[in-house]
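Trainee: Before we begin, could you show me the model, and then take me through how its features are read?

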Amino acid sequence: MTSAGVERHYARSGLIEAIREGLKASGKELDRLSPADLAAIDEFHIRGRKATLELAAAVRPKPSERVIDIGCGLGGASRVLASEFGCRVSGVDLTPDYCRAAMAMAQWVGLGDKVDYQTGNALGLPFAARSFDIAWTQHASMNIADKPRLYAEAHRVLKPGGRFAIYDILQGPGGPVHFPVPWAREPSISHLVTPEEMRRLLETAGFEILSWRDVTAEGRDWFAEKNRQIRDKAVPPLNFSLLLGPDYRVMAENQERNLREGRIALIEAVGGRR
Ligand SMILES: C[S@@+](CC[C@H](N)C(=O)[O-])C[C@H]1O[C@@H](n2cnc3c(N)ncnc32)[C@H](O)[C@@H]1O
């Protein structure tokens, strides 16, 4: 379970202050923020909030349901699920800087009593078996080599009949990934499987595939637009270089190229726990 390289990749001291400054520079008043105001930074995956709302539409959360967000990052999805759907959400993430920032942001938008975050590893979730109605994960598995264990943990913490909502970057047919990318500066912490392998791994872990959608083309168009903004120097103050540093620019170029050349694929899926 070596995760030090992944933690180093994402670690960012001074993050809460940087986000606060970014918000002020965007003209947002800190005492009048809504979860949507944070979306440019806290939805740390391709296609941002739109992708989160689409995954939510696929998994159909109910207000009484308890959700675990595995690899929750800054907690954007958890706050959408809490504020728009009334769920109670627990986020788990390897990166302590992200968990602290996630809690600060939840308090800024008045959701401190609907969400909680803790530093932890997806491969050993700090919850009892059958604790959740929905397990949710977006763009975290590409840092995790042991996918059988990742999926076994999601299965363990779900109640029977629970749903597993996934939005992930996978290996495409177009050849190896160009690095650096937002999840890895070099290949040692990147672990992509193909869509066929992911499907087989999920079924082996005890999930029935309830929905499956390839959204690679939408992701490619979204990144092309983001990169146009970077080239035109029209980048908003809140952007992913606050999380990844100045090399985010080259990561974003590579990401667009990886999508265009079919080196990565994007899948949104829901599994039903058997
Ligand atoms: C690209 S971010 C995505 C964050 C969030 N899910 C989102 O979509 O906004 C990937 C996240 O996965 C987390 N992560 C990677 N490996 C992990 C592991 N083994 N256990 C828990 N979190 C992990 C990282 O710390 C990082 O926050």
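**Reading the ligand site, a pocket and the backbone**

Mentor: In the side chain of His 45, an N or O atom is 2.6 Å from an oxygen atom of the ligand, a polar contact being a pair of N or O atoms within 3.5 Å (within protein, one must be able to donate a hydrogen and the other to accept it, and residues adjacent in sequence count only if both atoms are side-chain atoms). This is a predicted model, in which local features need pLDDT of at least 70, side-chain atom pairs count only at pLDDT 80 or more, and totals for chains, interfaces and linings use all residues. Residues are numbered from 1 along each chain as its sequence is written, and side-chain values use heavy atoms, with hydrogens and water left out.

Trainee: Which polar side-chain atom lies 3.0 Å from a nitrogen atom of the ligand?

Mentor: That atom belongs to Asn 121, while a polar side-chain atom of Asp 93 lies 2.5 Å from an oxygen atom of the ligand. The ligand taken alone exposes 590 Å², of which the protein buries 97%, with accessible areas from the Shrake-Rupley method with a 1.4 Å probe (for residues, only the protein chains shown count as cover).

Trainee: How should I read empty space, and what is the volume of the second largest pocket?

Mentor: Rolling a probe the size of a water molecule over the atoms shows where empty space is left. On a 1 Å grid over the protein atoms alone, a pocket is an open set of points with protein on both sides within 12 Å along at least five of seven lines, and lining residues have an atom within 4 Å of a point. The second largest pocket has a volume of about 280 Å³, a volume being the space filled by probe spheres set on the points, which are joined across faces, edges and corners. Its lining has 18 residues, and those nearest the centre include Lys 226 and Tyr 248.

Trainee: Where is Arg 47 found, and is this residue buried or exposed?

Mentor: Arg 47 is found in the loop between helix 3 and helix 4, where helices (H or I, at least four residues) and strands (E, at least two) are DSSP runs numbered from the N terminus. Although not a glycine, Arg 47 has a positive phi of about 75 degrees, and at 6% relative accessibility this residue counts as buried (under 20% relative accessible area, with exposed over 50% and partly exposed in between; 1.4 Å probe, protein chains only). Arg 60 also has a positive phi, of about 50 degrees, but is exposed, at 64%.

Methods. On a 1 Å grid over the protein atoms alone, a cavity is a set of points where a 1.4 Å probe fits but cannot get out, and a pocket is an open set with protein on both sides within 12 Å along at least five of seven lines; lining residues have an atom within 4 Å of a point.
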